[in-house]
Amino acid sequence: MAVVYDFMPVTLADYPGLVASTVFVAGCNFHCPYCHNSFLIDFLPSDRAKEDEFFSYLEKRKKMIDGVVVTGGEPTLNPGLKEFILKIKVMGYKVKLDTNGSKPEVLEDLIKDDLLDYIAMDIKAPENKYWIFTSNAREVMRDIKRSIEITKKSGVIYEFRTTVHPGLLNIEDFKNMMDLLKGAERYVLQAYRFSEQVLDAEFCGKEPVKKEYLMEIKELLAEHIKIIEIRI
């Protein structure tokens with residue numbers, strides 16, 4: 001089964017420390033207002049020709065590309081994901097998975113078979129605000145919590161991350177997120193950035209997040225988390 005909807009040949013930003021190629025997988029079970037890949041929320045058909053092109057590209061760039069970022073959408077919803085990642089690993093590339101953590105059984109299976117080199121898991125909000133991002137918040141939170149624990153114990157390099165938009169999350173919300181974040185090795189605060197593809201552009205607006213707000217959050221959490229990074 002094809003997985004690739006599209007791909008970006010080269011990125012220096014998506015895989016920390018590596019030159020990578022980014023694969024986009026269509027279909028998502030969340031509806032984040034600030035989503036900048038909103039065209040990938042729908043379960044659009046994968047493109048076999050595009051996937052063949054991607055693997056042909058990897059074959060030719062073995063000395064130039066270090067890894068592959070698999071993002072979405074939500075990649076763990078695609079039943080062909082494991083086979084797809086295995087094919088990448090056989091070619092000698094490292095794999096970073098971006099996920100919302102809603103499919104812990106998929107995450108656990110990929111970790112068990114040593115198919116992931118980096119996990120970037122979104123923690124959207126404190127538990128009482130997940131309803132903003134999914135209509136099935138109560139059930140999803142059980143899976144999110146399980147994915148957090150699986151990731152922490154995986155032995156794989158990981159980061160938890162939150163997109164920061166003051167209209168969605170206030171300082172008190174970040175205090176309340178400590179139940180989910182405690183014991184984390186690395187936490188990334190991603191500043192909201194406007195793009196034409198933002199799902200709810202009217203609500204989110206074009207105003208960038210003030211660095212002072214990001215620093216306030218970082219200082220609040222610094223004593224609880226080993227490494228906190230701000231990405232603007």
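## Contacts, rings and helices in a predicted model

In this predicted model, D98 touches V69, V70, T71, E74, P75, A120 and R161, when residues up to four places away in sequence are not counted. The residue itself lies in strand β4, which covers residues 94–99, and with a relative accessibility of 9% D98 counts as buried, because buried means under 20%. Within its own strand, the side chain of D98 also makes a polar contact with the side chain of K96, at 2.6 Å.

Aromatic rings come next. A search of the whole structure finds 11 aromatic pairs. One of them is formed by Y34 and F133, whose ring centres are 6.0 Å apart and whose planes meet at 55°, so the pair is described as tilted. This pair links distant parts of the chain, since Y34 belongs to the loop between β2 (20–24) and α1 (48–60), while F133 belongs to the loop between β5 (118–122) and α4 (137–152), and the two are 99 residues apart. Y34 is buried at 8% relative accessibility, and F133 is buried as well, with a relative accessible area of 1%. Y158 and F160 form another tilted pair, with 5.0 Å from centre to centre and 50° between the planes; here Y158 is buried at 7% relative accessibility, and F160 is buried at 0%.

The two pairs can be set side by side.

| Aromatic pair | Distance between centres | Angle between planes |
|---|---|---|
| Y34 and F133 | 6.0 Å | 55° |
| Y158 and F160 | 5.0 Å | 50° |

Elsewhere, F7, F54, F55, Y57 and F84 form one aromatic cluster. One of its members, F55, also has a charged partner, for the charged end of K87 sits over the ring of F55 at 4.2 Å from its centre.

Helix α4 offers a calculation that can be followed step by step. The helix has 16 residues, and the expected span is 1.5 Å times one less than that number, so it should span 22 Å; the C-alpha atoms at its ends are indeed 22 Å apart, which agrees. Its buried residues are A137, V140, M141, I144, S147, I148, I150 and T151, and these pack against α3 (104–112), β5, β6 (157–164) and α6 (178–181).

How many disulfides does a search of the whole structure find? The search finds 0 disulfides, and the distances between sulfur atoms help to show why for two of the cysteines. A disulfide needs two cysteine sulfur atoms within 2.5 Å. The sulfur of C32 has its closest cysteine sulfur in C35, but the distance is 6.2 Å, so it is too far for a bond. For C204 the closest cysteine sulfur is that of C32, at 9.8 Å, which is again too far for a bond. C32 is buried, with a relative accessible area of 7%, and C204 counts as buried at 5% relative accessibility.

Two details of the backbone remain. Most residues other than glycine have a negative phi, and most peptide bonds are trans. Against that background, G72 and G73 are joined by a cis peptide bond, with omega about 10°, and G73 is found in the loop between β3 (67–71) and α2 (81–90). D114, although not a glycine, has a positive phi of about 55°; this residue lies in the loop between α3 and β5, and at 58% relative accessibility D114 counts as exposed, because exposed means over 50%.

Notes: Residues are numbered from 1 along each chain as its sequence is written. This is a predicted model: local features need pLDDT of at least 70, side-chain atom pairs count only at pLDDT 80 or more; totals for chains, interfaces and linings use all residues. Side-chain values use heavy atoms; hydrogens and water are left out. Rings of Phe, Tyr and Trp (its six-membered ring) pair if their centres lie within 6.5 Å; planes under 30 degrees apart count as stacked, over 60 as edge-to-face and the rest as tilted. Helices (H or I, at least four residues) and strands (E, at least two) are DSSP runs, numbered from the N terminus. Buried means under 20% relative accessible area, exposed over 50%, partly exposed in between (1.4 Å probe, protein chains only). A charge sits over a ring if NZ of Lys or CZ of Arg is within 6 Å of the ring centre and within 35 degrees of the ring normal. Contact means heavy atoms within 4.5 Å. A polar contact is a pair of N or O atoms within 3.5 Å; within protein, one must be able to donate a hydrogen and the other to accept it, and residues adjacent in sequence count only if both atoms are side-chain atoms.
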